[in-house]
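I sat down with a new protein model today and kept notes as I went. Here is what I was looking at.

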Amino acid sequence: MIDPIEFIHNASSISKKSMNRLKLKSNPFSEKPIRGNTKFFVGRNSELSEIADILGAAQYGSVANAAIVGTKGIGKSSILNILYYAAKRHGHWIVQLEASQVTARQFLIQLMHSIIGDNLFSVDGTLSTNYMEHSKKIIEIYRRLNTYSDKTPVHYPREKIERDLKYLLHNVKEEGKLCVILVDEADQFAKRSCLGLLQFFHSFLYEDDILAFFAGPPTMMEDLTKISPAIRDRIPKVINMPPLDKAEAHDLILRRLEDAHTSGASEYDPFTPESIEKIIEECDGIPRRIIMTCSEAISIGLKNSSTTVDEAMVESALKKLGISVGHQILNHLTPAQSKIVRAMADLGGSSTVTELSGVLNNSPGTIGTHLSDIYEMGYVYKERDGYNVYYTLSKELKDVLITEKDD
């Protein structure tokens, strides 16, 4: 009978030896946010210059809120983290949120909670001495926020929340300092249930000392303005995040490997030149995909007790990642949505609403509604060809549905 503790100990020891065989101290390909560490941040000089110009102008009263847009995994969250610490260094108030709150009231509560917790309290959890003259009011607001958390009873009305927020911004915040608000996954605001929140932003984003950055997919601004056309004037700047070029993709891999190499390792060990080129070619300059592929390829190398990671291992990693992500997507879909994407696979991976309506024997309106929801989640893409709009499965879904069908 195997002792489970001894088994785990022996297995982990073997993994360490295998990692050393690959000339690595550890697997350096982690998806964790940068959190102020710029060591692994690659390229983005143009985007950083745009952000610097916006932040610099806002400090002198010329505020222009901005959208940071790009495909999934392109590095929007990473650049928001860089912006977070840059604003901190300038002494501005800074708040980083995800657009998980679906009402103006919930969003305001999270915003105020973050303003107080991240900017008014010291590291030890006590109120900073800079704000002692407002201590009674700040503590009162913070206790109220902690009591209600994400749930907002009706006896804490939105009008009261807005008064508390204005007090913090106009009475507590130092003159000449900005309140910089970073909102990740801001495409969630494009849901009709968020119309009230967008309407609130119409006035809120015109405040002289508030600067907001909204991050989301390439279609985010188009989707937001469909729900609330006036929001376009409140977010006049759009910063596009293109894929990394080949030199930047090489640099991304090289920087991480350098940090984890054992002595005597050459620059791209344990990857062969062919495997590196395969990763660069297949990952289309998407940082997250490059990182995930490198990590999975190293895991395969460990399991094979190999001294190198070759092109075949990279191909296996790409296939495994595509299938695993695709299955996760399918598990996330409703039964009706799953039927639609499977029908799209039967039609070759791309089709119109009319074609799907005929195949599934359902109304175009119902099919269109489901497709809009799947599109919002980023699992299908759409493209206009004359009078027709074609919906196309994401690569991850194609890898699962069309490959399975062929097999």
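My entries follow, from the whole chain down to single residues.

**Ground rules**

I am working with a predicted model, where local features need pLDDT of at least 70 and side-chain atom pairs count only at pLDDT 80 or more, while totals for chains, interfaces and linings use all residues. Residues are numbered from 1 along each chain as its sequence is written, and side-chain values use heavy atoms, with hydrogens and water left out.

**The whole thing**

I began with the overall layout. I looked up the secondary structure and got 17 helices and eight strands. Both are DSSP runs numbered from the N terminus: helices are H or I with at least four residues, strands are E with at least two. Along its principal axes, the C-alpha trace spans about 65 × 60 × 50 Å.

How much of the protein counts as buried? Of its 407 residues, 46% do. Here buried means under 20% relative accessible area, exposed means over 50%, and partly exposed is in between (1.4 Å probe, protein chains only).

I also checked contacts, meaning heavy atoms within 4.5 Å. Taking contacts between residues at least 6 apart in sequence, 74% join residues at least 24 apart.

**Salt bridges**

Next I hunted for salt bridges, where a side-chain nitrogen of Lys or Arg sits within 4 Å of a carboxyl oxygen of Asp or Glu. The search of the whole structure turned up 13. I picked three to look at.

Pick one was R144 with E140, at 3.4 Å from N to O. Why do I find R144 and E140 about one helical turn apart? It is because they are four residues apart in helix 5 (residues 135-148). R144 is buried at 17% relative accessible area, whereas E140 is partly exposed at 36%.

Pick two was K226 with E222, whose closest N and O atoms are 3.5 Å apart. Again I found four residues of spacing, about one turn, this time in helix 8 (residues 220-227). E222 comes out as partly exposed, with 44% relative accessibility.

Pick three was K278 with E315, at 3.6 Å from N to O. This pair links distant parts of the chain: K278 is in helix 11 (residues 273-282) and E315 is in helix 13 (residues 311-332), 37 residues apart. Is K278 buried or exposed? I got 15% relative accessible area for K278, so it is buried. E315 is partly exposed at 40%. Some salt bridges share partners, and I noted one network that joins E140, R144, K160 and D164.

**Helices against helices**

Two packed helices are described by the angle between their axes and the distance between the axes. The axes are lines fitted to C-alpha atoms, for helices over the stretch in contact, and the angles run from 0 to 180 degrees between N-to-C directions.

I tried helix 10 (residues 246-260) with helix 11 and read off an angle of about 125 degrees, with the axes 10 Å apart. That makes helix 10 and helix 11 oblique to each other. The cut-offs I used: under 35 degrees is roughly parallel, over 145 roughly antiparallel, 65 to 115 roughly perpendicular, and the rest oblique.

The crossing of helix 10 and helix 11 is right-handed. A crossing gets that label if the near helix is turned clockwise from the far one by less than a right angle, and is left-handed if anticlockwise. From helix 10, the contact uses K246, A249, H250 and I253; from helix 11, I276, E277, I279 and I280. I sorted these residues into five nonpolar, one polar and two charged. For that, Ala, Val, Leu, Ile, Met, Phe, Trp, Tyr, Cys and Pro count as nonpolar, Asp, Glu, Lys and Arg as charged, and the others, Gly among them, as polar.

Then I did helix 15 (residues 353-360) with helix 16 (residues 364-376), which pack at about 115 degrees with axes 9 Å apart. This crossing is right-handed. V353, L356, S357 and L360 of helix 15 touch P364, I367, G368 and L371 of helix 16. The contact has six nonpolar residues, two polar and no charged.

**Two loop residues**

D269 is in the loop between helix 10 and helix 11, and is buried at 15%. Which residues does D269 touch, not counting those up to four places away in sequence? I listed L22, K23, L24, L257 and H261. From D269 to D373, 104 residues along the chain, the C-alpha atoms are 43 Å apart.

M132 lies in the loop between helix 4 (104-120) and helix 5, and is partly exposed at 44%. The C-alpha atoms of M132 and A212 are 27 Å apart, with their positions 80 residues apart along the chain.
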